[in-house]
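Me: I'd like to go through this model piece by piece, with the cut-offs spelled out as we go.

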Amino acid sequence: MPLPRSREHPTLRMPIGSRAPHTSMRVGACGMWAPGRDSSNDRHLDQGGPISSETRINERIRVPEVRLVGPNGEQVGIVRIEDALRLAQEADLDLVEVAPQARPPVAKLMDYGKFKYESAQKARESRRNQQLTVIKEQKLRPKIDPHDYETKKGHVSRFLEAGNKVKVTIMFRGREQSRPELGFRLLQRLADDVSELGFIESKPKQDGRNMIMVLAPHKNAKAKSKATKNAGSDES
C-alpha cells in the first residue's frame with residue numbers, strides 16, 4: 001500500500017534542484033535568531049536622528065572650530081572649539097551658537113540666561129504695545145449739504161483720534177459721474193480739515209462709480225487730542 005503524500009501548499013511548491021531564497025539572519029540581544037535588516041538603517045540610527053532646532057550652547061556645540069565673537073561684539077576670529085569653551089569658562093559666560101549655518105558656525109560669548117530673559121521681556125512688551133489696525137468708513141455725496149458735511153467730518157475726526165484709519169468714499173450717481181473733480185475737491189477739503197489728526201495714506205482714486213481716499217492717524221493724534229481736551233477743561 002503506497003504511503004500517503006504530504007500536501008504541499010501551492011505557493012510553496014519549488015522545482016526540483018532549485019534553492020530556497022536566502023534570508024539573512026542575525027542573533028538578537030536575547031540570543032534568538034531574527035531576520036536581518038538593511039545596514040543603512042543602522043547607519044541612520046547611528047547618526048542620532050533629526051537635528052534639534054534649539055539653540056546650541058557650550059558643550060552642545062559639536063564642531064571642530066567656530067568664528068568667535070566677544071561679549072561686546074568684537075571679532076576674535078576663527079578658533080578651535082576647545083579654546084572657545086575655555087575662554088567662555090574663564091569669563092564666566094556661555095558660548096552660544098548664533099549662526100549655525102555659517103562656515104564655520106558663528107558663536108558668541110554671552111550670559112545666555114540673561115539673554116533669554118531680556119528677549120522674552122522685549123517680546124512681551126512688543127505684544128502689549130501692538131495695536132489692531134481698524135479701518136472705519138465714511139460715505140459722502142459730491143453735493144453734500146454743509147450740515148451733513150460737518151457731521152461726517154466729526155465722525156472722521158473721532159475715528160482718527162481713536163487711532164483708527166478711515167476710508168472715505170465719494171458716491172457718484174447719474175450725471176455726477178462726469179464730474180470727478182467734485183469728488184476730488186471734497187476729499188481734499190476733508191483731508192485739510194482733519195490734517196492735525198491724520199494724513200492722506202492713499203490718495204483719491206476712482207473705483208468704478210466711487211472715488212476712494214484713505215486717511216491714517218498721526219502717531220501722537222490720540223495724545224494730542226487728549227491734551228487739547230484737558231486744556232479746554234482747565235480753562236472752563
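Me: What comes after H2, and what is the sign of its phi?
Reply: H2 is followed by Asp92, and the phi of Asp92 is positive, near 55 degrees. Helices (H or I, at least four residues) and strands (E, at least two) are DSSP runs here, numbered from the N terminus. Bear in mind that this is a predicted model, in which local features need pLDDT of at least 70 and side-chain atom pairs count only at pLDDT 80 or more, while totals for chains, interfaces and linings use all residues. Residues are numbered from 1 along each chain as its sequence is written, and side-chain values use heavy atoms, with hydrogens and water left out.

Me: Which residues of H2 are buried?
Reply: In H2, which covers residues 81–90, the buried ones are Ile81, Ala84 and Ala88, where buried means under 20% relative accessible area, exposed means over 50%, and partly exposed lies in between (1.4 Å probe, protein chains only). They sit on the same side of H2, because they cover an arc of only 60 degrees around the axis, the arc being that of the directions from the helix axis to the C-beta atoms.

Me: And what is on the face turned away?
Reply: That face of H2 carries the exposed residues Gln89 and Glu90. The buried residues of H2, for their part, pack against strands E3 (65–69), E4 (75–80), E5 (94–99) and E6 (106–110), with contact meaning heavy atoms within 4.5 Å.

Me: Changing topic: what is the strand order in the open sheet of four strands?
Reply: The order is E7-E8-E10-E9, with mixed pairing. E7 and E9 are the edge strands, each of them pairing on one side only, and the twist averages 20 degrees from one strand to the next. Two strands count as paired if DSSP finds at least two bridges between them.

Me: How many bridges join E9 and E10?
Reply: Seven bridges, in the antiparallel sense; as an example of a bridge, Ile200 has Leu215 in E10 as its partner, and Gln206 is matched with Met211 of E10. The hairpin of these two strands has two residues between them, and Gly208 takes a positive phi there, near 70 degrees.

Me: What about E8 and E10, how many bridges there?
Reply: E8 and E10 pair in the antiparallel sense over six bridges, one of which joins Lys167 to Val214 in E10. E10 is largely enclosed by the rest of the structure, because seven of its eight residues are buried.

Me: Which helices sit on that sheet, and at what angles?
Reply: H4 lies across E7, E8, E9 and E10 and runs at about 170 degrees to E7. H5 also packs on the sheet, touching E7, E8, E9 and E10, and its direction makes about 10 degrees with that of E10. The axes behind these angles are lines fitted to C-alpha atoms, for helices over the stretch in contact, and angles run from 0 to 180 degrees between N-to-C directions.

Me: How far does H5 reach, and which of its residues are buried?
Reply: H5 (residues 180–193) has 14 residues and reaches 20 Å from its first C-alpha to its last, close to the 20 Å expected at 1.5 Å a residue, the expected span being 1.5 Å times one less than the number of residues. Its buried residues are Leu182, Gly183, Leu186, Leu187, Leu190 and Ala191. Seen down the axis of H5, they fall within an arc of 165 degrees, so they line one face of the helix.

Me: Which residues are buried in H4?
Reply: Those are Tyr149, Lys153, Val156, Ser157 and Leu160, and they line one face of H4, because they fall within an arc of 100 degrees as seen down its axis. At the start of H4, a side-chain oxygen of Asp145 comes to within 2.9 Å of the backbone nitrogen of His147, and the helix is followed by Gly163, whose phi is positive, near 90 degrees.

Me: Last one: where is Glu176, and is it buried or exposed?
Reply: Glu176 is in the loop between E8 and H5, and it counts as buried because its relative accessibility is 14%. Its side chain makes a polar contact with the side chain of Arg141 at 3.1 Å; such a contact is a pair of N or O atoms within 3.5 Å, where within protein one must be able to donate a hydrogen and the other to accept it, and residues adjacent in sequence count only if both atoms are side-chain atoms. Leaving aside neighbours within four places in sequence, Glu176 is in contact with Arg141, Pro142, Lys143 and Met171.
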